[in-house]
Amino acid sequence: MQPSVQHEESPKEKRRKRFIEQKGLPKAVDRGQFATTYHPYDGHSFQALSGLPPNLQNFTVLGIESSCDDTGAAVVRSDGTILGEALASQSHIHAPWGGVVPGLAKEAHEAEIDRIVQEALEAAGMTSAADVDAIGVTVGPGLEICLRVGATKARALAVEHEKPFVGVHHLEAHILMARLPYDSASKQLGFPFLALLVSGGHCQLLKCTGIGNMTVLGGTFDDSLGEAYDKTARLLGLPVGGGGGPVVERLAREGDPTAIPLSVPLQSRKDLDFSYSGLKSNVRRVAERLAKEGGVETPANLPHPIKANLAASFQHVAIQHVEQRLRRAMILLEEEEEEGIRSLALVGGVAANQVLRTRIEGLCKQRSWDLWIPPPRLCTDQGTMSAWAAIERIRVQSTDDPTIPDVYARYPFAQPFS
Amino acid sequence: MEDVGGILASLLLDTERPEGAIILLEGSLGAGKTSFARGFVRGATGDWNLRVTSPTFLLSNTYRARKVDENNVESDIEIHHMDLYRLGDHPEDFAPLNLDVVFRECVSLIEWPVRLSNVTVPTDQQLNVDIRHFSSDDTDTEDTPRRLVLSYPDGSSWGSILDQIHHQGLLDDMLMLTSKQ
């Protein structure tokens, strides 16, 4: 909860707190809120539970991703070349704006998965999964039912064709996209590095020291950055079919980012956490006041220039919040002699935002850090993420057992190993 | 709103059968639905530092709490915190949420329940929590006091939970109305 103006607690508020202290504390059982953590590395070694491709210098992976809204598959070679891709949402008619999420239904996922996998294989010049060397699929975190669709398919293929299998971690897969080599000549982002993951569902700073070895340094208390964009889009009555972020970004180009004063969240907190729910409420209140003053019914009816100013001012402050947290993280890591981290990976759907990229580029230049950002179309959920993450796991000789059918709605990283 | 959620969770987990409880959270943007949910999940799990973030994009976040039955047997109970904001009217959009099973076997916290108009929601353990801003001049900042309008079916366990709350005077300053459906 974002700390607001401190106010004197009323007797009732104190009574509630006392009740909770008396009832709540005894319940705290350290059983680990999370039964399962992601830990392919146990502190000593990785294990290739389903074997490895015969040639670790050159192999292909079929990757499948179905953790939430969309279903995707891709065939990727170990040198980073994307041989074939397919994504379900591309073949859906864009939903009328106002909320329908394409490809979300379980039936839709199930009906699509075979077709999408086949499309990706055929685009890679292959006829079946027998032609790839390994299979990877997102097993968590995400919506359990959606995860199961992709995981069941991938496991069945791995067993049928006797291929090494990797259960991919969705967030690790986003982060590792920053290591996808774009051609044979280019450098690759090496460990250790700092990652900023910003999307609709996630908003985190992570220290990445190796495959399966990532630590969350800070995250949002409430709303993510992508969500803040989406809600601003809806507030202003903008069409959100293609995502609220891009439409707010487009509108913001026409507006003045300093026109509307908004407070930067968590300014007095000396940590690496984020909060966007206060900003979201702030934008709404200002927009509603402007609507009232302008004699229109809702912010959606505001004149275009005012909407543009709101979009621009919101974006400016939202990004300032990122800059502040990020700068603090960079300083902390600069002061850590041992690891000497000076590389930042910017990943997740909001990494496609041009203004964010430019501002972070500036910050990195200022502090002499390297910045690694995947191409915009690889920042959102799709099969290539799973394929590449599987490649990275295989490279460190880590594969999973395809006969274990589990998927993990919650799948936190294990405590880091030094 | 966090404390209100915490109190309701503590009392619910003390009942014989907390599974099947469905809490529908209503209120405008910024009213405190997620804050309520945060307090509820923290109260249920006993972990007061637990991150409980908005499920708007992920659609549903799942948490595990421990409950103890009358024979002192411990078991797990799942809490599903859902946000239907992004969903449309098509019943098939709800399939991934596995609502039939979740409604029956878990505790559900649902933001934007207005999207459920085409879905069957069991009513016997339902609690409606409507969070309102309360101010004389229509302002609604973070610091504007909140008021609650609660409703639940006659004969459900929410009745005895609300009785305990009244008895201890825990929400007198916030409850505008409680009604039995």
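**Close-up 1. Helices α5(A) and α8(A) pack with their axes 11 Å apart in this predicted model.** The angle between the two helices is about 170°, which makes α5(A) roughly antiparallel to α8(A), since angles over 145 degrees count as such. From α5(A), the residues to look for are A:L225, A:A228, A:Y229 and A:T232. They meet A:F314, A:Q315, A:A318, A:I319 and A:V322 of α8(A). Sorted by class, this contact has 7 nonpolar residues, 2 polar ones and no charged ones. As you trace the helices, it may help to recall that an α-helix has 3.6 residues a turn, so residues three or four places apart point the same way.

**Close-up 2. Helix α7(A) covers residues 277-293 of chain A.** Do its ends lie where one would hope? With 17 residues at 1.5 Å a residue, α7(A) should span 24 Å, and its end C-alpha atoms are indeed 24 Å apart, so the two values agree. After the helix comes A:G295, a residue with a positive phi, near 70°.

**Close-up 3. The buried residues of α7(A) have cover from chain A and from chain B.** Near the beginning of the list of buried residues is an unbroken run: A:G278, A:L279, A:K280, A:S281, A:N282, A:V283 and A:R284. Further along α7(A), the buried residues are A:V286, A:A287, A:L290 and A:A291. What covers them includes α5 (225-235) and α8 (304-334) of chain A, the pair from the opening view, together with β5 (126-133) of chain B.

**Close-up 4. Helices α1(B) and α4(B) pack with their axes 10 Å apart.** Here we turn to chain B, where α1 spans residues 2-13 and α4 spans residues 157-167. Their packing angle is about 125°, and the two helices are therefore oblique to each other. The crossing of α1(B) past α4(B) is right-handed. On the α1(B) side, the contact is made by B:I7, B:L8, B:L11 and B:L12. On the α4(B) side, B:W158, B:I161, B:Q164 and B:I165 take part. The contact counts 7 nonpolar residues and 1 polar residue, with no charged residues.

**Close-up 5. Chain A as a whole holds 10 helices and 10 strands.** This last view steps back to give the earlier ones some context. Of the 418 residues in chain A, 54% are buried. Among contacts in chain A with a separation of 6 or more, 75% are between residues 24 or more positions apart.

Technical notes
Residues numbered from 1 in each chain as written. Chains lettered and ligands numbered in written order. Predicted model: local features only at pLDDT ≥ 70, side-chain atom pairs only at ≥ 80, totals over all residues. Heavy atoms only, no water. Axes fitted to C-alpha atoms, helices over the stretch in contact; angles between N-to-C directions. Helix = DSSP H or I, 4+ residues; strand = E, 2+ residues; numbered from the N terminus. Parallel < 35°, antiparallel > 145°, perpendicular 65-115°, else oblique. Left-handed = near helix turned anticlockwise from the far one by under 90°. Contact = heavy atoms within 4.5 Å. Nonpolar A, V, L, I, M, F, W, Y, C, P; charged D, E, K, R; others polar. Expected span 1.5 Å × (residues − 1). Buried < 20%, exposed > 50% of the residue type's maximum accessible area, 1.4 Å probe, protein only.
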